[in-house]
Amino acid sequence: MITINDNYLKLQASYLFSDIAKRVAAFQENNPDKQVIKLGIGDVTRGLPPACIEAFHKAVDEMADDSSFRGYGPEQGYDFLRNAIAKNDFKARGADISADEIFISDGAKCDTGNIQELFAKDIKVAIPDPVYPVYLDTNVMAGRTGDFQNGRFDGIVYLEATQTNGFVPSLPEEEVDLIYLCFPNNPTGSTISKAELQTWVDFARDNKALILFDAAYEAFIRDDSLPKSIFEIEGAREVAIEFRSFSKSAGFTGTRCAYTVVSKDCRAFDSQGNIQKVHELWNRRHCTKFNGVSYPVQRAAEAVYKEEGKAQTAELIHYYLRNADRICEEIEALGYDYDGGKNSPYIWIDGRTDSWDFFDMLLNKAGVVCTPGAGFGKCGEGYIRISAFNSHENVDEAMARIRRELS
Ligand SMILES: *Cc1c(COP(=O)(O)O)cnc(C)c1O
């Protein structure tokens, strides 16, 4: 008899985006001439930087010719890309990371989802609330939780991000082994200071724990005092793994390229308590289950680090951040409390009411779609997320409508 992994039955079906779609469709039917503006999505909207497209085309042409054709590449990624990343994303910021500590992949979603398989089933896992759902669901699939009760999985330590702590969770009071952190945060848009991040690194060192740091939105950091990488923090090499992606920084959501940083000093422990190198384990896993990102895509990603590429990606980020500024300005004028939007494309608004009521009000009064915070966890209840990923024209129009209808 073929039996299934019963843990999959514990997963909560996510009705978030289908619920949103249903309510939008109903609104559209009742208001056929009103144009709905979507500020709910977590996907970029602008084309790839021209430097990336040029490199992409050139590499595709190379594939056509026997003399420059490339078959299987190194599973960990081509040196040209790993070297460019180490130099520009780490060494330039004083973070001691070398090219052979960088693993190129087709997405930070896969990497943040897959990394947990290196660790034992009975470890204690700490996960933020609200949260990007991948961290939680992949641990449910792996059998590290009990059942879902009252909006929470038994066995998980939830790191609550609330107004009280400025949306930066406090250190856990109980023992934990694996800690997920994401800054700038999705969905709250909050950031973490170097001093705060240092307390997490120190905690991990003191408790033989490991931090998984998702920095998918680092490109949106404008405040130069904030850390872009956990490897800017003293002592992180032994106790942290970092996830980065070209998805939000350079518009690669449909092109697919990301990377994971595992330093050669990163340690975990076997069941006897002996130190084991996580770099070797992740390398083994990566080579066994992954065959590399396509050559043209890696060339397109490399172009992000060329002179024109740097200027063009900076312009791209600046474009979305102008939207974020516009959204913050309007929300502030309406008198709502919010976080994010300064070093992040997301604005997290305290709706002072049920998440879905606020969602319905924005949709029905202004024809603007947001994401109800309750969809990201228990602590998201009462909040909504507005995304800056759209055109200036659409954001300006959405904000003008919100001002007209809500003030
Ligand atoms: C968008 C996003 C990613 C990036 O995922 P990719 O698979 O690289 O596109 C990672 N983490 C968070 C929190 C995100 O929102």
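This passage describes a four-stranded sheet, a helix that lies across part of it, and the surroundings of the ligand.

The structure is a predicted model, in which local features need pLDDT of at least 70 and side-chain atom pairs count only at pLDDT 80 or more, while totals for chains, interfaces and linings use all residues. Residues are numbered from 1 along each chain as its sequence is written, and side-chain values use heavy atoms, with hydrogens and water left out.

The sheet is open, and its four strands follow the order E13-E14-E17-E16 with antiparallel pairing. Strands (E, at least two residues) and helices (H or I, at least four) are DSSP runs numbered from the N terminus, and two strands pair if DSSP finds at least two bridges between them. Strands E13 (338-340) and E16 (371-372) form the edges, each pairing on one side only. Strands E14 (residues 346-350) and E17 (residues 383-387) are joined in the antiparallel sense by five bridges; Ile347 has Ile386 of E17 as its bridge partner. Across E16 and E17 lies helix H12 (residues 355-366), running at about 45 degrees to E17. Angles run from 0 to 180 degrees between N-to-C directions, with axes fitted to C-alpha atoms, for helices over the stretch in contact (heavy atoms within 4.5 Å).

Turning to the ligand, 14 residues surround it (a heavy atom within 4 Å), and Tyr217, Ser245, Ser247, Lys248 and Arg256 come nearest. Side-chain N or O atoms lie 2.6 Å from a ligand oxygen for Ser247, 2.9 Å for Asn186 and 3.4 Å for Lys248 (polar contacts pair N or O atoms within 3.5 Å). The protein covers 93% of the 390 Å² of accessible area that the ligand has on its own (Shrake-Rupley method, 1.4 Å probe).

Notes. Polar contact = N/O pair within 3.5 Å; in protein donor to acceptor, adjacent residues only side chain to side chain.
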